[in-house]
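Work through the following exercises with the structure open beside you, and try each task before reading its solution.

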Amino acid sequence: MTYPLRVRIREETEKQAMPQTSVRDDRAPQSRAGRPILVLGGGVGGMSFAISASRAGWPVHVVEADPNWRVYGAGITVTGPTYRAFRTLGILDELKAQGFHVTEGGRLCAPDGTPVADLQDRPIQPDLPVSGGIMRPDLHAILSGLTRAAGVKVSLGLTATEWMDVGDKVEARFSDGSTGTYDFVVAADGAFSKARTFLFPDAPKPTYTGQYCWRVVAKRPPEIDRSHFFVGAPVTCGLVPVTQDRMYMWLLENRPTMHWVDEATAYKRLAELLAPFGGPVAAVRDGLGPDSLVNVRPLEATMLPKEFWVKGRSILIGDAAHATTPHLASGAGIAVEDALVLAEELERQPNDIPAAFRAFTDRRFERCRLVVESSIAIGKAQQDHVSPEIMGAMMAKAQAALLADI
Ligand SMILES: Cc1cc2nc3c(=O)[nH]c(=O)nc-3n(C[C@H](O)[C@H](O)[C@H](O)COP(=O)(O)OP(=O)(O)OC[C@H]3O[C@@H](n4cnc5c(N)ncnc54)[C@H](O)[C@@H]3O)c2cc1C
């Protein structure tokens, strides 16, 4: 979800040993270093890391809190850098087969649907799409299928309740009372990371950025053949094709404070917000009803200072370290990049985990900060009713910087 858009993958606190329960870990496979890696969270970042590390020869154990390993049914926008990361991960063909991908830039429209301008974006690599979209459950199915195919051990409905470094290994305890011994821990448990709170009780938490994001999936009319952005009304919205017959609509609503939204009547409020629009957006509005699957959530963001990314043999990646708002549609992309870069640094220094973690943090920090801070700034500009030209320039600057190698 974003406005029109535009990497070379270069390529402890030591505490008392945790008392062992009588339940031995029988989930984790044996390791390259004699021990597996523990990955907390099976979202896009955790799965991407598990796939990459497993391919590099590490035994990996993913622990995912959701017993059904689901994702909500909204669409997700894929940008140039994200395509590049997905290609390195090896899922470009599956992505292309299941989503909707275009080689043109997006189209800007007036609120009544009249086209105003076509954006002349170029692909980040010659044979990649410029932008596109896919349903989150479809992306999740690709990644979870590959995770299992890579031989990763996946435990669902489980969380780690505590863990600690003991020399050059980590002893973990799980919510079912069992324990395990690991080489190190990769925490990829999302924006509201419990791992972050466990490791760093004083780390900054995500804060509300002043906007709500509304999303709904609708039938795709033939003319919505690329991302469309409707600007000039009190709220901003867009349409993104995700399959041949479906698209998703996103809308950003300015709200000074967080408030509770009744899910049962959310479609009515969304219809009110869509009142100023004509054309294809009006058609989405007119199709809203009690059965519409409207997803609405406040936008919250955080950019952890570097000192909160690593503690001993535990590291945070993805939203757990840098949760962004969706204004550059890059949160999932930088989570995949994190996974690729961490696997690469571990490959480079497999026997010096703290050094690999430092190298990872040095490579990732500024790029992730760029995404988070630029996204928040663009959201703020929308709230301040800054002109579309200035906002366009802010986006173009961030997008140009994101073309750099990772
Ligand atoms: C409204 C909105 C729209 C967005 N649109 C886009 C977009 O169009 N394009 C884009 O690139 N990005 C987008 N993003 C950002 C993107 O969704 C995130 O950046 C991305 O999902 C981060 O991946 P992650 O793996 O770090 O975290 P998540 O995807 O949140 O995954 C975390 C996983 O950890 C699990 N978990 C949670 N707690 C625990 C625990 N204690 N133990 C074990 N497991 C746990 C969760 O169940 C989940 O499976 C959007 C974000 C928002 C809020």
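**Exercise 1. Helix α6 and its neighbour α7**

Find which residues of helix α6 (residues 266–273) are buried, and work out how they are arranged around the helix.

Solution. In this predicted model, the buried residues of α6 are A266, Y267, L270 and L273. Looking down the axis of α6, one finds these buried residues within an arc of 115°, so they line one face of the helix. The next step is to ask what they meet, and here the buried residues of α6 are seen to pack against β13 (207–219) and β16 (246–254). Helix α7 (residues 279–286) can be treated in a similar manner: its buried residues are P280, V281, A282, V284 and R285, and what covers them includes β13, β14 (228–230), β15, β16 and α6.

**Exercise 2. How far to trust the model**

Decide which stretch of the chain has pLDDT under 50, and set it against the mean for the chain.

Solution. Begin with the overall values: the mean pLDDT of the chain is 91, and 92% of its residues reach 70 or more. Then turn to residues 1–31, over which pLDDT stays under 50, although the model has 117 contacts beyond four places in sequence for them. Where pLDDT is low, the predicted coordinates should not be read in detail.

**Exercise 3. Salt bridges**

Locate the partners of D183, R363 and K380 in salt bridges, and state for each pair whether its residues are buried or partly exposed.

Solution. Side chains of opposite charge can pair when their charged atoms come close. The structure holds 22 salt bridges, and three of them are taken in turn below.

- D183 pairs with R313, with 2.6 Å between the closest N and O atoms. This pair links distant parts of the chain, since D183 sits in the loop between β11 (179–182) and β12 (185–187) while R313 sits in the loop between β18 (310–311) and β19 (314–316), 130 residues apart. Both D183 and R313 are buried.
- R363 pairs with E345, the closest N and O atoms being 2.7 Å apart. Here too distant parts of the chain are linked, with R363 in helix α9 (residues 353–383) and E345 in helix α8 (residues 331–348), 18 residues apart. Both R363 and E345 are buried.
- K380 pairs with D384, again with 2.7 Å between the closest N and O atoms. K380 counts as partly exposed because its relative accessibility is 46%, and D384 is partly exposed as well, with a relative accessible area of 45%.

A final step is to look for shared partners: salt bridges of this kind join R107, D118, D225 and R226 into one network.

**Exercise 4. Three polar side chains**

Describe the surroundings of S52, D245 and T181, beginning with where each of them lies.

Solution. S52 lies in helix α1 (residues 44–55), and because its relative accessibility is 12%, S52 counts as buried. A polar atom of the S52 side chain lies 2.8 Å from the backbone oxygen of S48. Setting aside residues up to four places away in sequence, S52 touches L89, A339, L340 and A343.

D245 belongs to the loop between β15 (236–241) and β16, and with a relative accessible area of 49% it is partly exposed. Although D245 and K219 are 26 residues apart in sequence, their C-alpha atoms are 5.9 Å apart in space. Beyond four places in sequence, D245 touches A218, K219 and R220, while its side chain makes a polar contact of 2.8 Å with the side chain of T243.

T181 is found in strand β11, where its relative accessibility of 17% makes it count as buried. The side chains of T181 and E171 are joined by a polar contact of 2.9 Å.

**Exercise 5. Cysteines**

How many disulfides does a search of the whole structure find, and is C213 buried or exposed?

Solution. The search finds zero disulfides. For C213, the nearest cysteine sulfur is that of C237, which is 11 Å away, whereas a disulfide would need the two sulfur atoms within 2.5 Å. C213 counts as buried at 3% relative accessibility, and C368 is also buried, with a relative accessible area of 0%.

Methods:
Residues are numbered from 1 along each chain as its sequence is written. This is a predicted model: local features need pLDDT of at least 70, side-chain atom pairs count only at pLDDT 80 or more; totals for chains, interfaces and linings use all residues. Side-chain values use heavy atoms; hydrogens and water are left out. A salt bridge is a side-chain nitrogen of Lys or Arg within 4 Å of a carboxyl oxygen of Asp or Glu. Helices (H or I, at least four residues) and strands (E, at least two) are DSSP runs, numbered from the N terminus. Buried means under 20% relative accessible area, exposed over 50%, partly exposed in between (1.4 Å probe, protein chains only). The arc is that of the directions from the helix axis to the C-beta atoms. Contact means heavy atoms within 4.5 Å. pLDDT is the predictor's confidence in each residue, from 0 to 100. A polar contact is a pair of N or O atoms within 3.5 Å; within protein, one must be able to donate a hydrogen and the other to accept it, and residues adjacent in sequence count only if both atoms are side-chain atoms.
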